[in-house]
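Thanks for coming. I'll go through the empty spaces in this protein, and then the sheets and helices around them.

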Amino acid sequence: MKPYPKYKDSGVEWIGELPEEWAVVKVKYLVKDHSGNGFPHDEQGNLDGDIPFLKVSDINGNEKYVEKANNYVSKDTIEKHNWNLIPVNSLVTAKIGESLRKNHRKIILKSCIIDNNCIGIEPDKLNWNFNFYLHSIIDFDWFVNPGAVPSLSVEKYKSFYCAIPCLQEQTTIAAFLDRKTAEIDSLIAKKERQIELLKEYRTALISEAVTGKIDVRDYASVQHNSTHS
């Protein structure tokens, strides 16, 4: 793949040079952050509510999107607690504890509530899909507050500089990454299946050899002769 025609110095060490038309912008001018909410125990465990209430356990794993949750709440409950709704196509990720360092990001496919161990990141001047890929290379461990329990310094995070193209180019880049990462994931899945089959074959081979189901004496003789030739 060819590079851009012209580059310029970004003035930011981690970015280095960037395409001439791109801009260097602080995160706070690109997204809106949404804090989470306390989740009373007696409100938990409902699967029949209107709105998902996402906890850190709902956003684990490597999937790109999250639509379902282990807890739901009614619109009346949301109004009663004055909870903040996270808009669709925002990112949700952990902001406290060791889960913060796992950097699991999920795009929400419907508006939801999040608990106070999470943060919602709503794209403002970003394509929502590009926002996902941008945050996939931003490590929240860079912005951890000092202390026994890791916690995100939102101010440090919002002061972080990013290299940003125009909206149209963001859309193009995100579509390219969707296609290429899907191809790579497919190859990984095939390789993982091959590895699993080889592991199964290895186990079966050991079992058959040590229980006398296969005669390996000729093989052993060939190996002996080969070693001494």
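Let me begin with the largest pocket, whose volume is about 580 Å³. Keep in mind that this is a predicted model. The pocket has 20 lining residues, and those nearest its centre are Y4, P19, W22, E169 and I173. Two elements give two or more residues to this lining, namely helix 3, residues 128–135, and helix 5, residues 167–210. Which helix gives the most? Helix 5 does, with 5 residues. As for chemistry, the lining of the largest pocket splits into 17 nonpolar residues, 1 polar and 2 charged.

On to the second largest pocket, with a volume of about 380 Å³. It is lined by 18 residues, and N62, E63, K64, F132 and S136 are the closest to its centre. Helix 3 and helix 5 turn up again, each supplying at least two residues of this lining. Helix 5 again gives the most, with 5 residues. The classes here are 5 nonpolar, 7 polar and 6 charged. Put that beside the 17 nonpolar residues in the lining of the largest pocket.

Both helices have now come up twice, so here is how they meet. Their axes, those of helix 3 and helix 5, come within 8 Å and cross at roughly 65°. Is that crossing left-handed or right-handed? For helix 3 and helix 5 it is left-handed. On the helix 3 side, the contact is made by N129, F130 and Y133, and on the helix 5 side by Q170, I173, A174, L177, D178 and T181. Sorted by class, the contact residues are 5 nonpolar, 3 polar and 1 charged. You may recognise I173 from the centre of the largest pocket, where it is among the residues that lie nearest.

Now the sheets. One is an open sheet of 5 strands in the order 4-11-8-9-6, with mixed pairing. At its edges are strand 4, residues 31–35, and strand 6, residues 65–66, each pairing on one side only. Strand 4 runs antiparallel to strand 11, residues 118–123, and 5 bridges join the two. As an example to find on the screen, S35 has I119 of strand 11 as its bridge partner. Helix 3 lies across this sheet, over strands 4, 6, 8, 9 and 11, and runs at about 130° to strand 11.

There is also an open sheet of 3 strands, in the order 7-5-10, and its pairing is mixed as well. Why is one side of strand 7 and of strand 10 left without a neighbour in the sheet? Strand 7, residues 72–73, and strand 10, residues 113–114, stand at the edges with a single partner strand each, so one side of each has no neighbour in the sheet. Strand 5, residues 51–54, pairs with strand 10 in the parallel sense over 2 bridges. Within that pairing, L54 stands opposite I114 of strand 10.

Last, the enclosed space. How many cavities of 30 Å³ or more does a search of the whole structure find? The search finds 1. The volume of the largest cavity is about 30 Å³. Its lining is made of P52, L54, V66, E67, K68, I108, K110 and C112. These divide into 5 nonpolar and 3 charged residues, with no polar ones. L54 therefore deserves a second look on the screen: L54 lines the cavity, and L54 also faces I114 in strand 10.

Methods:
Residues are numbered from 1 along each chain as its sequence is written. This is a predicted model: local features need pLDDT of at least 70, side-chain atom pairs count only at pLDDT 80 or more; totals for chains, interfaces and linings use all residues. Side-chain values use heavy atoms; hydrogens and water are left out. On a 1 Å grid over the protein atoms alone, a cavity is a set of points where a 1.4 Å probe fits but cannot get out, and a pocket is an open set with protein on both sides within 12 Å along at least five of seven lines; lining residues have an atom within 4 Å of a point. Grid points are joined across faces, edges and corners, and a volume is the space filled by probe spheres set on the points. Helices (H or I, at least four residues) and strands (E, at least two) are DSSP runs, numbered from the N terminus. Ala, Val, Leu, Ile, Met, Phe, Trp, Tyr, Cys and Pro count as nonpolar, Asp, Glu, Lys and Arg as charged, and the others, Gly among them, as polar. Two strands pair if DSSP finds at least two bridges between them. Axes are lines fitted to C-alpha atoms, for helices over the stretch in contact, and angles run from 0 to 180 degrees between N-to-C directions. A crossing is left-handed if the near helix is turned anticlockwise from the far one by less than a right angle, and right-handed if clockwise. Contact means heavy atoms within 4.5 Å.
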